[in-house]
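This report describes selected features of one structure for a reader new to it. Please consult the sequence and the model shown below.

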Amino acid sequence: MKKTSILFLGAAILACCSSSQKSAKQAVNPDTYAKTITANELKDMLYTYASDEFEGRKTGEEGQKKAIQFIKDHYVANDIPSPISKGDYFQEIPVEYFKGRANHGSENVIAYIKGSEKPDEVVIISAHLDHIGISKKGEINNGADDDGSGTVGILEIAEAFKAAEMDGNGPKRSIVFLHVTGEEIGLFGSKYYAEEAPVFPLENTVANLNIDMIGRVDKKHEGKPNYLYLIGSDRLSTELHAVSDSINKATVNLDFDYTFNAENDPNRFYYRSDHYNFAKYNIPVIFYFNGVHEDYHKPTDTPDKINYEFLETRTRLIFYTAWELANREERIKVD
């Protein structure tokens with residue numbers, strides 16, 4: 001066989017292999033990675049994160065400092081880097097920014113997994129790390145559901161994406177894991193990120209999936225607890241709403257309740273969690289929420305009240321949705 005023919009054949013084989021590898025990557029089933037999100041791991045983390053040791057995680061106080069160290073240690077242990085600089089996961093916010101509502105400066109915690117094909121486009125998954133601290137009676141408000149459930153949910157989602165990356169199936173777009181402070185005193189952490197110091201340009205932010213209380217069941221759904229409230233999914237992008245609905249039906253099949261998404265919702269939940277500071281900049285958002293319960297903002301919001309099987313399913317749903325948003329060919333469109 002002539003040398004030129006051999007070279008041509010070799011090139012064809014390489015092209016074929018490359019095409020096959022690309023097709024295989026596109027066809028990766030995320031179920032393997034979703035299954036790494038488990039009730040037991042969520043429970044183990046939350047019993048620490050919502051323990052008395054963390055003193056209710058009030059913005060700027062000692063317990064909140066323990067909380068950010070807990071989060072950082074998790075990312076370091078799982079070799080998930082920070083986009084700020086090597087080893088520095090804390091986005092520091094000066095005390096003055098909190099307008100007298102905190103006695104000390106505080107920190108957002110940020111980690112990420114870099115996209116393999118479109119690293120400059122990012123999907124942000126957020127939850128607030130703070131809570132309301134110790135009551136005047138000296139009772140610790142542990143905030144297991146609010147928002148310990150969202151915090152540990154993000155940590156498990158990050159592990160799942162890391163496992164995919166280690167298998168050569170990392171996301172096409174970057175995934176940012178954003179733990180914001182100061183939510184309970186006025187959404188300050190997410191506001192600081194969006195308005196003062198976005199680590200990634202807002203115009204490159206594809207969507208924000210925000211998690212605030214996903215470990216309990218409210219009174220409305222006591223007889224039918226396989227549900228989740230979704231807020232904001234159709235406010236800026238009907239495509240995001242459609243993608244969210246189709247991914248849910250193809251995976252965990254929760255009953256989505258859009259009651260609080262109504263424009264005239266008297267609770268105004270759309271404006272009351274951290275996604276709103278992204279929505280203000282025309283970034284499509286979804287706010288995942290289990291509704292208010294009798295232990296909301298009370299010392300009785302403890303980790304023994306969490307339904308960890310539900311927390312597992314809801315966390316997996318958010319992982320599946322993030323997976324789709326990060327890996328689809330075109331970024332979702334804003335209406």
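How many bridges join strand E6 to E8? Three bridges join E6 (residues 227-231) to E8, and the two strands run antiparallel.

The model is predicted: local features need pLDDT of at least 70, side-chain atom pairs count only at pLDDT 80 or more, and totals for chains, interfaces and linings use all residues. Residues are numbered from 1 along each chain as its sequence is written, and side-chain values use heavy atoms, with hydrogens and water left out.

**Strand E8**

Helices (H or I, at least four residues) and strands (E, at least two) are DSSP runs numbered from the N terminus. Strands pair if DSSP finds at least two bridges between them. The partners of E8 are tabulated here.

| Partner strand | Sense | Bridges to E8 |
|---|---|---|
| E5 (residues 205-211) | parallel | four |
| E6 (residues 227-231) | antiparallel | three |

Leucine 209 stands opposite isoleucine 286 in E8, and leucine 230 stands opposite tyrosine 288. Five of the five residues of E8 (residues 285-289) are buried (under 20% relative accessible area, 1.4 Å probe, protein chains only), so the strand is largely enclosed by the rest of the structure. Val285, Phe287 and Phe289 point one way from E8, while Ile286 and Tyr288 point the other way.

**Helices H5 and H9**

The axes (lines fitted to C-alpha atoms over the stretch in contact) of H5 (residues 144-166) and H9 (residues 308-327) come within 10 Å and cross at roughly 50°. That makes H5 oblique to H9 (neither under 35 degrees, nor over 145, nor 65 to 115).

Definitions and conventions
Axes are lines fitted to C-alpha atoms, for helices over the stretch in contact, and angles run from 0 to 180 degrees between N-to-C directions. Buried means under 20% relative accessible area, exposed over 50%, partly exposed in between (1.4 Å probe, protein chains only).
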